[in-house]
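This report goes through a few residues of one model in turn. Please keep the sequence and the structure in view while reading.

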Amino acid sequence: MSSTAPHAASSSAAPVVTLGSIYWKVTPPPLHFLSPKFSSATSSITLKVSPNYSTPLTTENQAQTNSPKYRSNDLQDALISFRRMLNSRSRYKIYSLIKVLGSIVKMGEYQSVLSLIQNMQLSGVEDNVYTISIAINCYCHLNRVDLGFALLGSIFKRGFVPNEVTFNTLIKGLFDQGKSSEANNLLIKLVSEKLIEPDVFTYGIMINGLCKSGNNLAAIELFSYMRKHNFDAGAHCYSMIIDSLCKDRMVSDARSLFDEMIEKGISPDVVIYNSLIQGFCNVGQWEEATRLLWEMLDQKVSPNLHTFSILVDALCKEGMVREAEGVLKIMIQRGEVPNLVTYNSLMDGYCLRGEMENARKVFDSMVNRGLEPDIICYSILIKGYCKNGRIDEAMHLFKEVPCKGLNYNVVIYNTMLQGLFENGHCAAARELFDEVFSKGLQPNVPIYNVMINGLCQEGLFDEAKELVITMEESGCVPDAFTYNVLVQGFLEGSQHHEALFLIEKMVGKGFSPNASIISMIMDILPTKGQEPTFLDIIQNFVPKD
């Protein structure tokens, strides 16, 4: 075992790890690069071995996989080759069969591979460590890592020696099933028993799994360990860590790592540039994000649709719609076809600036380019028209939705209801709310909140309160905003006792009155502060000083 692999002091109570009929005495070392929540000095893994490791998966256990798309002819050709080799009398046919199995695995036909291995067994072809490892890989891809471990037990039981690839497959399988802790503990035990010397692929799997499970700190620490011990971390490892740093808004550290990567002669790809551009956009440093775009072009790295969409969205949110249109033009000139996400960002940017004519031009341009607007496109334009007081145009678009073959959803109803209330069309809003039920939709909390807020704004407090009751009876649980809006409405209507009753109810449900409500209550203390009921309720949440 290389000295570069991490070790730890022994523990007084070493657990027993069961793999088939093989028992290991294991002292798991608390590897310094792993998060404390994953490390345990007394952890153990018990793995049950299925007597028939080629047990077929039932339909309910089969997983949908994002496997590569191959032509059906490719699979048919491979199956024909497999059958021909299986019937061959060559003493070396096992190696040809393994090669074909490997090609079928690459097609993503994992269940087929397991069936073929079973056919090999029935034909008298003996398994070896390679065929069993292929089966382990298939089970892991089918989200049955438990059966993969059963096969591992079979490997040991039959005297075979699994290699790093087999263990890496199992570690990845655990991560893919969301079992980060088990993946961590497995690596610790494998290192402790000197059954594996982690290589760059092992650490790459660990970093990827830790990042995807949200344990970015542990991933970064592991990456630092790799660099310290001179592991050849490639572009993929750098990409994962840079992305994690950007998601944690640590863009300066991400940029430093990016520069280090270039100094080592590792060429960044479009994925790494996209992570950095997204990271700088997220912290409002759109100038640095734009600079990275030009840097990409200088380095002959072609931006893709995602690159341009990130920049267009960021610039629009900064109100720099003209600059966003410039990016869009570059995008089209380079042969990238904008999608709905890109056009939606641009439309939203114009709507935020109140430039509805330009927003509509973007909408029409999108249609002219052959893109079919979706419900989100309509929601953005409708919201823009409503915010700019153009309620008739908003309603016209709203009524156009089913004519375009689209179905209404609660989001677009929410947008239209809010627009009607904001523009003083309370009766129309109430009528539209009733329509939600007739369309077979179930109003959610945001829709109820819009209605309750709108009714309170119109002074219809009792109707608003009744709607809260209806909301609760339908199984839709009011949130803090619901109660705050209703309480504020009753306070503004001088219905103080009703407001206090609601405050008592909301506090009992774990919600707190907002600052506006507390300020309003403080204002009425001089006139109502001596009433016992009033004092009993407010003492729970109003500061005594």
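Does Q418 count as buried, partly exposed or exposed? Q418 counts as partly exposed because its relative accessibility is 34%; buried means under 20% relative accessible area, exposed over 50%, and partly exposed in between, with a 1.4 Å probe and protein chains only.

The model is predicted: local features need pLDDT of at least 70, side-chain atom pairs count only at pLDDT 80 or more, and totals for chains, interfaces and linings use all residues. Residues are numbered from 1 along each chain as its sequence is written, and side-chain values use heavy atoms, with hydrogens and water left out.

Q418 lies in helix α20, residues 410–422. Helices (H or I, at least four residues) are DSSP runs numbered from the N terminus. Leaving aside residues up to four places away in sequence, Q418 touches K387 and V450; contact means heavy atoms within 4.5 Å. Between Q418 and M451 there are 7.9 Å from C-alpha to C-alpha, although they are 33 residues apart in sequence.

E260 belongs to helix α11, residues 251–263. E260 counts as buried because its relative accessibility is 18%. With residues up to four places away in sequence not counted, E260 touches R227 and Y238.

Two loop residues other than glycine have a positive phi.

| Residue | Phi | Loop |
|---|---|---|
| K194 | near 60° | between α7 (180–192) and α8 (200–212) |
| R249 | near 65° | between α10 (235–247) and α11 |

K194 counts as exposed, because its relative accessibility is 57%.

How values were computed. Helices (H or I, at least four residues) and strands (E, at least two) are DSSP runs, numbered from the N terminus.
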